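Trainee: I've got a new structure open and I'd like to learn how to read it. Could you walk me through some features?

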Amino acid sequence: MSSVTSSAAEQHRAAPGDRRWLILVIVAIAQLMVVLDATIVNIALPSAQRALGFPNSDRQWVVTAYALAFGSLLLVGGRLGDMFNRKWVFITGLAGFAIASAIAGAAGSFVILVTARALQGLFGALLAPSALGTLVSTFQDPRERGRAFGVFGSVAAGGGGIGLILGGVLTQYLSWRYCLYVNLLFAAIAVAGALVYIRSSRPAARPRMDWPGTVLACAGLFLIVFGFSRAETAGWTDPLTLGSLVLGPVLLAGFVLAEQRSSHPLLPLRVLVDRARGGSYVALFISGIAIFGTFLFLTYYLQLIKGESPLTTGLLFLPMIGCILISSNLASIVLLPRVGPRVLIAAGMLLGTGGMVYLTQVSVNSSYVSGVLPALLILGLGFGMIFAPGINTATAGVRREDSGVASALVNTVQQVGGSIGTSALSTIALTATASYLAAHRASSLAPAIAATHGYTVAFAISAGLLGLGFILAIVLLPSKRRLAELRTAAATAPARAAPGVAPRPTRPVPVPAQAAEPGFEAIPVALCSCSPVVTRGAG
């Protein structure tokens with residue numbers, strides 16, 4: 001966060017123990033709402049399609065509209081949190097997300113549903129960084145912070161599994177619309193709690209908005225997410241797909257050039273140039289691709305090949321979610337201070353590679369217990385070892401005035417990675433399925449066998465990506481000592497005031513050695529929140 005009128009230590013003293021943990025509950029509820037919404041909507045989608053009568057070719061836009069708005073506007077949302085009162089940015093994000101959810105739930109047409117989903121993405125991009133910033137400014141003690149982020153990460157990881165189950169129950173026993181209306185309950189609780197317990201903190205010197213950088217970043221990210229999303233249905237050779245995938249990176253390159261010349265950059269390049277942080281962003285990007293692909297194709301396999309219901313499919317993912325919860329908390333609280341991020345993230349990548357390789361062996365006749373469950377357990381442990389240490393390292397040493405965009409960037413790389421994983425791996429799997437089916441038409445089981453073959457090809461590619469992540473983790477990520485240096489630098493460096501504005505004086509606060517924490521820590525919004533649930537015959 002940018003420099004504020006009260007020092008970090010004063011903020012800490014202003015929040016008694018009871019208030020701090022209540023704030024954690026409030027922020028966790030907001031996080032749960034955002035994460036849970038994705039899986040609930042995926043489960044509700046087939047029922048919504050039948051109710052509103054839109055074709056299969058349009059179905060993806062209910063998901064893509066949210067991803068486009070959320071992924072392209074996260075950096076802007078992070079900067080707005082740095083510019084204004086974070087409490088009210090947080091409340092605005094909650095209220096806007098709830099209103100958009102109500103509009104989507106009451107939608108009488110496909111156009112209204114998609115528009116409301118885009119509004120959800122917009123307010124989600126505003127809500128996510130401000131929620132993380134609120135948590136960081138509340139917990140200053142290193143031990144409390146470790147516990148708080150362990151809880152917050154568990155909510156982020158477990159929200160996807162809760163969404164699978166809750167969405168199945170609501171859709172089956174009430175209506176698909178209640179999968180969207182349920183957000184109003186979460187938002188109302190979080191807004192009431194924020195009004196009572198979260199204190200306001202205004203920037204001492206409000207930074208300006210970098211409008212050229214904002215336009216270039218939003219447009220570039222939008223085109224990349226759109227291009228990969230369109231490739232899933234229109235193919236890679238479609239002119240609009242190719243144009244988006246070419247122009248998007250060009251605009252992001254222009255964004256980098258603009259940031260070098262801007263006096264108030266949207267994303268200060270100093271956030272990225274450190275090798276440790278850059279390596280962490282790469283690790284989070286790769287893991288985002290892999291986990292999105294895992295949920296996608298295992299969901300297809302369990303429902304289309306093994307014939308499981310949506311609710312049962314959600315329950316079958318719970319062992320993986322449980323392992324992520326255990327591994328994430330263990331890595332964040334116990335192991336990271338002892339062994340450092342390089343060892344943890346490399347080990348997580350190696351476990352992820354092994355889990356994906358195991359999944360390449362599944363067949364039409366594989367049982368869940370022997371063919372899927374061991375891989376889910378291994379992947380859960382591996383992803384938990386990647387997420388918390390990766391996010392900690394990605395934000396270690398970041399200046400307070402850069403922490404909002406640093407938080408948003410963590411979510412952005414995972415969102416873009418997830419979009420690429422979903423679209424690219426889907427296209428590859430469909431191509432492999434078609435090729436296999438063309439060569440093996442004799443058996444009545446050929447369609448199921450061909451589809452499973454396509455899934456295993458996608459698992460193999462994910463295994464290769466995680467293997468590359470293992471190598472990059474060893475080469476790029478810092479040791480335990482280097483991470484401690486980044487934390488110390490962040491804890492002792494003064495925040496910069498905006499050019500031409502003298503910072504307000506604050507009392508000097510000594511920073512104890514044990515409090516040398518990174519300038520910001522974040523938990524990704526999209527952890528485990530991208531599992532599409534399909535039904536047989538849905539096309």
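Trainee: Let's start with helix 4 and helix 7: what is the handedness of their crossing?

Mentor: Helix 4 and helix 7 make a left-handed crossing. Keep in mind as we go that this is a predicted model.

Trainee: Where do the axes of those two helices run, and at what angle do they cross?

Mentor: The axis of helix 4, which covers residues 86-105, comes within 8 Å of the axis of helix 7, and the two cross at roughly 160°. An angle over 145 degrees counts as roughly antiparallel, so helix 4 is roughly antiparallel to helix 7.

Trainee: Let me try another pair. How should I read helix 14 and helix 15: roughly parallel or roughly antiparallel?

Mentor: Start with the angle. Helix 14 (residues 341-359) and helix 15 (residues 368-394) have axes that cross at roughly 155° and come within 8 Å. Helix 14 and helix 15 are therefore roughly antiparallel. As for handedness, helix 14 passes helix 15 in a left-handed crossing.

Trainee: Now the surface. Which residues make up the nonpolar patch?

Mentor: The residues to pick out are V169, Y173, L174, Y178, Y181 and L184, and together they make a nonpolar surface patch of about 580 Å². Two elements give two or more residues to this patch: helix 6 (142-173) and helix 7 (178-197). The largest share, three residues, comes from helix 7.

Trainee: And where does L174 sit?

Mentor: L174 is in the loop between helix 6 and helix 7. Its relative accessibility is 52%, so L174 counts as exposed.

Trainee: Next, charges. Why would two charged side chains pair up at all?

Mentor: The general idea is that side chains carrying opposite charges can pair when their charged atoms come close. In this case, a search of the whole structure turns up one salt bridge. R230 and D238 form it, and their closest N and O atoms are 2.7 Å apart.

Trainee: Are those partners buried or exposed, or something in between?

Mentor: Take each partner by itself. The cut-off for buried is under 20% relative accessible area. D238 has 16% relative accessibility, so D238 counts as buried. R230 has 22%, so R230 counts as partly exposed.

Trainee: What about residues that are separated along the chain? How far apart in space are V225 and S423?

Mentor: Sequence separation and spatial separation are two things to read side by side. V225 and S423 are 198 residues apart along the chain, while their C-alpha atoms are separated by 9.2 Å. You'll find V225 in helix 8, residues 211-234. With 1% relative accessibility, V225 counts as buried.

Trainee: Let me look at G133 too. Which helix holds G133, and is G133 buried or exposed?

Mentor: G133 lies in helix 5, which spans residues 110-138. G133 has 0% relative accessibility and counts as buried. Now check its distance to R86: the C-alpha atoms of G133 and R86 are 7.6 Å apart, with their positions 47 residues apart in sequence.

Trainee: One last case, then. What can I say about L247?

Mentor: Find L247 in helix 9, residues 239-261. L247 has a relative accessible area of 42%, so L247 is partly exposed. From C-alpha to C-alpha, L247 and L223 are 7.2 Å apart in space, and they are 24 residues apart in sequence.

Definitions and conventions: Residues are numbered from 1 along each chain as its sequence is written. This is a predicted model: local features need pLDDT of at least 70, side-chain atom pairs count only at pLDDT 80 or more; totals for chains, interfaces and linings use all residues. Side-chain values use heavy atoms; hydrogens and water are left out. A salt bridge is a side-chain nitrogen of Lys or Arg within 4 Å of a carboxyl oxygen of Asp or Glu. Buried means under 20% relative accessible area, exposed over 50%, partly exposed in between (1.4 Å probe, protein chains only). Patches are made of residues with over 30% relative accessible area and no salt bridge: like charges are joined within 9 Å, nonpolar side chains (Val, Leu, Ile, Met, Phe, Trp, Tyr) within 5 Å. Accessible areas come from the Shrake-Rupley method with a 1.4 Å probe; for residues, only the protein chains shown count as cover. Helices (H or I, at least four residues) and strands (E, at least two) are DSSP runs, numbered from the N terminus. Axes are lines fitted to C-alpha atoms, for helices over the stretch in contact, and angles run from 0 to 180 degrees between N-to-C directions. Angles under 35 degrees count as roughly parallel, over 145 as roughly antiparallel, 65 to 115 as roughly perpendicular and the rest as oblique. A crossing is left-handed if the near helix is turned anticlockwise from the far one by less than a right angle, and right-handed if clockwise.
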